[in-house]
Amino acid sequence: MNNGIGTYILAVVFSIVVVALVGSLAPNSRMESRLTGNDLSLELPKDFKNAISFASGREGEKDLMYVSTDGSLKVKTYTDWGLMESSIVFVKKEAK
């Protein structure tokens, strides 16, 4: 019976290590949220005023389209790894 308890404890410890590893590798990932049951927290841009849309169509990326405090339309791209994130600013071309 001791062998069964030892196996159970080993399985629990292994599961905790795997969840911690996934969380540290992809801190912005929905996978982490699903495994841990914790909310996924993404920091809003400093100039955020109102959200227009949020999309997660591409693997590992999430796009937030929003109105900034100065009234411009912007897109902030979040990645699962927090690396190579980008922003897009939409500008209206003046008529000549």
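## A question to start

Does E43 count as buried or exposed? At 59% relative accessibility, E43 is exposed, because the cut-off for that label is over 50%. Keep in mind that this is a predicted model. E43 returns below, in the part on salt bridges.

## The chain at a glance

The chain holds 2 helices and 4 strands. Along the sequence they follow the pattern α-α-β-β-β-β. Of the 96 residues, 21% are buried. The accessible surface comes to about 7,600 Å². Carbon and sulfur atoms account for 61% of that surface.

How much of the contact pattern spans long stretches of sequence? Take the contacts between residues at least 6 apart in sequence: 17% of them join residues at least 24 apart.

## Helix α1 and a nonpolar patch

Helix α1 covers residues 2-25, and I5 lies in this helix. I5 has a relative accessibility of 45%, so I5 counts as partly exposed.

I5 also belongs to a nonpolar patch on the surface. The other members are Y8, I9, V12, V13, I16 and V17. Together the patch residues have about 670 Å² of accessible area.

## The sheet

Strands of a sheet pair through backbone hydrogen bonds, either parallel or antiparallel. Here, 4 strands form an open sheet in the order β1-β2-β3-β4, and the pairing is antiparallel. The edges belong to β1 (48-55) and β4 (86-89). Each edge strand has a single partner, so one side of each has no neighbour in the sheet. From one strand to the next, the twist averages 25 degrees.

Look at the pairs. Strand β2 (residues 61-68) meets strand β3 (residues 73-79) over 7 bridges, in the antiparallel sense. E61 stands opposite T79 in β3. β3 and β4 are antiparallel too, with 4 bridges. There, T77 has S86 in β4 as its bridge partner. A hairpin joins β3 and β4, with 6 residues between them. In its turn, G82 has a positive phi of about 75 degrees.

## Two buried residues in the sheet

D63 is in strand β2. Its relative accessible area is 16%, so D63 is buried. Leaving aside neighbours within four places in sequence, D63 contacts S53, F54, A55, R58, V75, K76 and T77. D63 and Y78 are 15 residues apart in sequence, yet their C-alpha atoms are 6.3 Å apart in space.

K76 is in strand β3. K76 is also buried, because its relative accessible area of 18% falls under the 20% cut-off. Not counting residues up to four places away in sequence, K76 touches P45, K62, D63, L64, Y66, E85, S86 and S87. D63 and K76 thus appear in each other's contact lists.

## Two salt bridges

Side chains of opposite charge can pair when their charged atoms come close. In this model the count of salt bridges is 2.

One joins K46 to E43, with the closest N and O atoms 3.5 Å apart. K46 is exposed, with a relative accessible area of 78%. E43 is exposed as well, at 59%.

The other joins D47 to K74, with the closest N and O atoms 2.5 Å apart. This pair links distant parts of the chain, 27 residues apart. D47 sits in the loop between α2 (30-36) and β1, while K74 sits in strand β3. Are D47 and K74 buried or exposed? Both are buried.

Note on methods
Residues numbered from 1 in each chain as written. Predicted model: local features only at pLDDT ≥ 70, side-chain atom pairs only at ≥ 80, totals over all residues. Heavy atoms only, no water. Patch = residues over 30% accessible without salt bridge, like charges linked within 9 Å, V, L, I, M, F, W, Y side chains within 5 Å. Areas by Shrake-Rupley, 256 points an atom, 1.4 Å probe, with all protein chains shown as cover. Salt bridge = Lys/Arg side-chain N within 4 Å of Asp/Glu carboxyl O. Buried < 20%, exposed > 50% of the residue type's maximum accessible area, 1.4 Å probe, protein only. Pairing = 2+ DSSP bridges. Axes fitted to C-alpha atoms, helices over the stretch in contact; angles between N-to-C directions. Contact = heavy atoms within 4.5 Å.
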